[in-house]
Amino acid sequence: MKTQNSGLNFKRLRVSIFSLILSCAFLLVNSYAAGAGTYPDSIEKGIGLYEKGDFDKAIREFKQAISELKDRPEDEARNENLFTANLYVGMAYLGKGKENLAKESFRNAFKAAPQKTLNSDLFPPKVISLYNEIISQNLSVLSVKTNVPDAEVFVDDVKKDNAPAVIRNLLPGAHTVKVVAAGQEIVKVVSLEPGKDANIAVEFQTLGSLSVSSDPMVATVYLNGKLVGATPVQLKDIPAGEYTVVISKAGYIEATVKAIVKGKEVTEANIRLSPVIYSVKIFSSPENAEVFWDETARGVTPVVIENVTAGVHKIRIVKEAHEEQKDTVDVQIPVTEKTYRLTPHTGSLGIKTDPAGAEVIIDNKNIGITPLSVSALPVRQYIIRLQKEGYKAKDVKAGIVRDKTTEINEVLMELDAQPPEIIPEPPSKAVKENKNFIRARIVDNQAVGEVSLMLKMEGEMNFQRVGMSSPLKGAYEAVIPETYLKKGAVLEYYISACDLQSNCAAAGSKESPHKLKVISLEPYTEGFIIDMDMEKDMVTISLGSVDGVKKGDKYIVFRIGKELRDPKTNELLQIEEAVIGVIKVKELMPRTASAEIDESESGMFKNDRIRKHASAVAGVVTEGNYAAKIILRWAPNREPEVKGYRIYRSPKIDGIYQRADEIDGRDNTSFEDTEDMKEGVSFYYKVAAFNMLGADGIMSEPVLGKTKSGVLPPENVRVEAANINEVRLRWSISRQDPEMENYIIFRSETEGGQFVEAGKVDRETDNYTDKEDIRQGKIYFYRVAGKSKYGSTGPLSKAVIASIKQRPKAPTGLKWEAVQGKILLGWEANKEPDIKGYNVYRKGWNKSELLITSGINSVELSPEGKAKFKLYVTAVDKDGLESEPSEEIEITLQ
């Protein structure tokens with residue numbers, strides 16, 4: 001009995017103690033619950049009963065609330081209230097010592113809000129323990145393993161961890177598991193049972209390796225956006241598949257490539273980085289200065305130099321008559337602009353005028369009054385205006401020479417508004433078909449300038465200008481051209497004269513010209529026999545001292561005969577002439593002269609005609625186009641006393657004419673001049689008929705004869721190739737010119753500079769290779785000319801340009817290291833954009849041995865055993881040009 005009471009009391013004591021513990025937690029639980037929000041009345045009432053320790057009534061109230069909540073639509077508030085009601089029911093059962101019923105209530109609370117957990121700081125250990133036990137019985141644990149380390153694991157599209165992964169507290173039921181690695185994605189659906197662990201294994205494709213190298217080396221490598229190292233780098237055991245590889249390095253353009261990794265294979269990605277390309281704009285004042293960039297000609301300012309690498313470059317600005325400028329340009333930004341102000345070469349100018357005090361104007365700027373000295377004038381040609389009130393302004397050309405003084409001394413002319421006075425002299429005889437003049441007297445208060453006879457045939461539209469010469473001061477005359485002297489022709493003319501200040505006057509005008517008519521067609525006659533003394537064999541002629549007759553002069557006496565006419569048109573073609581004899585002047589009077597009969601074929605009569613000279617030869621022309629001769633032809637002079645012709649030649653139209661030849665026979669009317677002939681020369685010719693007395697007739701008008709100006713240059717001259725040490729030219733052969741003997745090739749370093757003979761080939765050769773002093777980075781201009789068999793060189797062809805490429809620069813920064821018996825050799829990559837690769841040589845005693853050619857700036861060598869030797873490297877561009885050797889590097893293997 002005692003023992004039973006003790007046991008009962010102990011049991012009650014245990015319940016009371018546990019109730020006391022729970023009571024201590026009531027306030028905490030109430031605080032926890034209050035923080036959750038406002039509860040329905042039944043739950044609030046149940047909580048009140050629970051806090052008083054009336055567990056049975058509390059349980060009834062909570063169960064009534066639970067029943068009502070189950071009928072409501074499911075939402076967050078409803079689930080929260082269900083969780084709270086079931087949790088309190090469970091704790092009330094614990095208060096009554098009914099642990100199994102408590103577990104069931106905790107299980108219902110978990111189902112209502114499985115995401116809820118209990119704070120160990122707010123609940124007693126017993127409640128925490130039982131609730132966690134319930135959780136463990138209802139949640140699952142999922143383990144995920146893969147054959148790829150660090151694969152990403154997603155559950156229901158939420159990333160949980162990286163494989164291998166253990167994911168806890170998963171609700172029972174179906175879940176979607178996704179595993180991602182190296183571009184691959186594997187999805188599985190797993191069904192979890194309450195309180196049970198689950199395991200899945202994900203197998204990716206077989207693994208491979210990826211080796212990434214770059215030129216230049218030490219470039220940062222990103223694999224699918226993840227930094228994996230610097231080149232050269234080998235990534236082992238990565239899943240097969242496609243990867244995005246990004247290579248970046250300061251000063252170079254970022255490169256992106258796709259790499260496909262295959263299982264159990266090594267995939268290589270060799271990437272050549274292109275330097276960041278910059279451009280430089282060069283300006284100068286003045287413009288059109290030649291620009292040399294790193295000693296290579298790049299055009300004239302303003303100029304844009306493209307594809308420039310970063311770093312310091314040399315620049316040289318050259319312009320004729322200016323100081324050369326040298327500079328360095330540090331290119332660090334995409335577009336660099338530089339402007340250079342060039343300093344001109346200068347000289348001095350000294351100017352004097354008569355009278356002094358004239359304004360001096362240069363480039364529209366008044367710079368002073370004469371006498372004047374001007375210093376520091378840029379070297380060039382100037383037009384200098386000198387002007388003074390009351391005097392005519394004068395423009396003078398002057399060239400300024402470097403460090404020299406150019407002197408100008410000019411006389412100014414007073415202003416004059418008075419034009420010349422023209423007094424025409426009408427022809428004293430009827431115009432005939434021989435040498436006829438139109439004359440005028442012209443005077444001016446200062447000086448006469450240009451005087452012109454403006455002449456045309458009646459009915460023509462335009463007047464032709466014929467210059468008038470002045471044989472005597474104030475007297476001007478012009479010969480009427482033969483083309484105007486036709487019987488019945490009416491000539492219209494006026495005379496124009498200007499002084500040196502462009503004050504002009506005219507006698508006649510375009511609207512009202514003077515007129516002349518050709519009224520007769522007679523033989524050329526200088527005079528007549530006007531009286532005779534047959535006893536003394538003397539005659540009197542109509543010419544005297546005023547006509548230029550001198551004692552001893554001999555004249556041909558001739559008589560005209562019948563007229564020869566065209567039988568159809570009755571047009572007068574010719575008047576027959578017959579030589580009567582020769583007379584010789586004995587006595588002179590002003591207008592007449594007496595002469596004795598020197599020779600006589602038949603009796604002379606009054607009115608017989610006389611002439612000392614034959615008339616002018618007509619129709620003189622040159623014909624053909626020859627390299628070493630000029631051919632003349634003319635119309636025959638039918639005057640009976642003509643015995644032949646004399647040909648005169650001069651290098652200038654108004655120069656001294658020297659006799660070139662004499663041709664006998666009046667019907668021999670051609671001449672071939674070969675004296676001192678060569679290609680490209682010209683002479684003026686006059687022809688005179690000489691008579692039986694040996695006297696020259698009137699000279700013909702001068703005609704110009706020219707020899708051929710050398711052979712023509714070849715066509716289609718072109719640069720076929722421009723290599724580092726030679727230039728090959730080609731052209732089309734000129735086969736149509738039989739006088740061609742050679743082709744001469746000329747070369748210059750500037751288009752407008754002096755072209756110097758570089759070589760020659762025969763007429764059958766259509767090409768030439770220039771190997772003489774060809775320098776890297778230079779520009780050469782070529783022109784080709786033909787050379788004739790007579791020795792002259794013809795005109796040059798148009799210039800063609802050959803740009804000589806520069807060899808790549810020698811590689812620098814050679815370094816090596818030994819790794820597992822192999823030599824790893826590397827160097828700085830060349831910055832030229834067209835580098836194709838590199839050659840690695842082993843230095844020998846007599847010659848070097850090419851070991852290997854590499855597309856990047858590193859190689860791997862496998863020497864045998866111990867060795868000591870030297871290596872050097874050259875760079876090769878896409879045109880096959882090889883650089884000079886790098887500095888040698890000594891390799892020693894122990």
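**Exercise 1. The disulfide**

Task: Determine how many disulfides the predicted model contains, and describe the geometry and surroundings of the cysteines that form a disulfide.

Solution.
Step 1. A pair of cysteine sulfur atoms counts as a disulfide when the atoms are within 2.5 Å. By this rule the count comes to one disulfide.
Step 2. The disulfide is formed by cysteine 498 and cysteine 504, whose sulfur atoms are 1.9 Å apart.
Step 3. The angle about the S-S bond is 105°, and the link of cysteine 498 and cysteine 504 is right-handed.
Step 4. The cut-off for buried is under 20% relative accessible area, and partly exposed lies between that and the exposed class at over 50%. Cysteine 498 has a relative accessible area of 16% and is therefore buried. Cysteine 504 has 43% and is therefore partly exposed.

**Exercise 2. Salt bridges between separate parts of the chain**

Task: State how many salt bridges the structure holds, and place the pairs aspartate 395 with arginine 385, arginine 611 with glutamate 641, and arginine 646 with aspartate 696.

Solution.
Step 1. The structure holds 52 salt bridges.
Step 2. In one of them, the side chains of aspartate 395 and arginine 385 meet at 2.8 Å, N to O. Aspartate 395 belongs to strand S27 (residues 394-399) and arginine 385 to strand S26 (residues 381-387), so this pair ties together parts that are ten residues apart in sequence. Aspartate 395 is partly exposed, at 44% relative accessible area, and arginine 385 is likewise partly exposed, at 33%.
Step 3. Arginine 611 and glutamate 641 form a salt bridge with an N to O distance of 2.7 Å. The pair links distant parts of the chain, 30 residues apart: arginine 611 is in strand S43 (residues 609-611), while glutamate 641 is in the loop between strand S45 (630-633) and strand S46 (642-650). Both arginine 611 and glutamate 641 are buried.
Step 4. Between arginine 646 and aspartate 696 the N to O distance of the salt bridge is 2.5 Å. Arginine 646 lies in strand S46, and aspartate 696 in the loop between strand S49 (682-691) and strand S50 (703-706), so the pair ties together parts that are 50 residues apart in sequence. Arginine 646 has 9% relative accessibility and therefore counts as buried.
Step 5. Salt bridges also form a network, which links Lys456, Glu458, Glu492 and Lys515.

**Exercise 3. Backbone features in loops**

Task: Locate the cis peptide bonds that involve proline 302 and proline 355, and the positive phi angles of aspartate 363 and aspartate 773.

Solution.
Step 1. The peptide bond joining threonine 301 and proline 302 is cis, with omega about -5°. Proline 302 is in the loop between strand S17 (296-300) and strand S18 (303-308).
Step 2. From aspartate 354 to proline 355 the peptide bond is also cis, with omega near 0°. The loop that holds proline 355 runs between strand S22 (346-354) and strand S23 (359-362).
Step 3. Aspartate 363 is not a glycine, yet its phi is positive, at about 55°. Its place is the loop between S23 and strand S24 (365-369).
Step 4. Aspartate 773, also not a glycine, has a positive phi of about 55°. Aspartate 773 lies in the loop between strand S55 (767-770) and strand S56 (779-788). Its relative accessibility is 46%, so aspartate 773 counts as partly exposed.

**Exercise 4. The surface**

Task: Describe the patch that contains Lys326, and classify tryptophan 845 as buried or exposed.

Solution.
Step 1. Lys314, Lys326, Lys809 and Lys831 gather in a patch of positive charge on the surface.
Step 2. Within this patch, lysine 326 is part of strand S20 (residues 325-331). Its relative accessibility of 68% is above the cut-off of over 50%, so lysine 326 counts as exposed.
Step 3. Tryptophan 845 is found in the loop between strand S60 (835-842) and strand S61 (849-854). Tryptophan 845 has 90% relative accessibility and therefore counts as exposed.
Step 4. To relate this loop residue to another part of the chain, take isoleucine 438: the C-alpha atoms of tryptophan 845 and isoleucine 438 are separated by 98 Å, and the two residues are 407 residues apart along the chain.

Methods. Residues are numbered from 1 along each chain as its sequence is written. This is a predicted model: local features need pLDDT of at least 70, side-chain atom pairs count only at pLDDT 80 or more; totals for chains, interfaces and linings use all residues. Side-chain values use heavy atoms; hydrogens and water are left out. Patches are made of residues with over 30% relative accessible area and no salt bridge: like charges are joined within 9 Å, nonpolar side chains (Val, Leu, Ile, Met, Phe, Trp, Tyr) within 5 Å. Accessible areas come from the Shrake-Rupley method with a 1.4 Å probe; for residues, only the protein chains shown count as cover. A salt bridge is a side-chain nitrogen of Lys or Arg within 4 Å of a carboxyl oxygen of Asp or Glu. Lys and Arg count as positive and Asp and Glu as negative; His and the chain ends are not counted. The place of a charge is taken as NZ of Lys, CZ of Arg, CG of Asp or CD of Glu. Helices (H or I, at least four residues) and strands (E, at least two) are DSSP runs, numbered from the N terminus. Buried means under 20% relative accessible area, exposed over 50%, partly exposed in between (1.4 Å probe, protein chains only).
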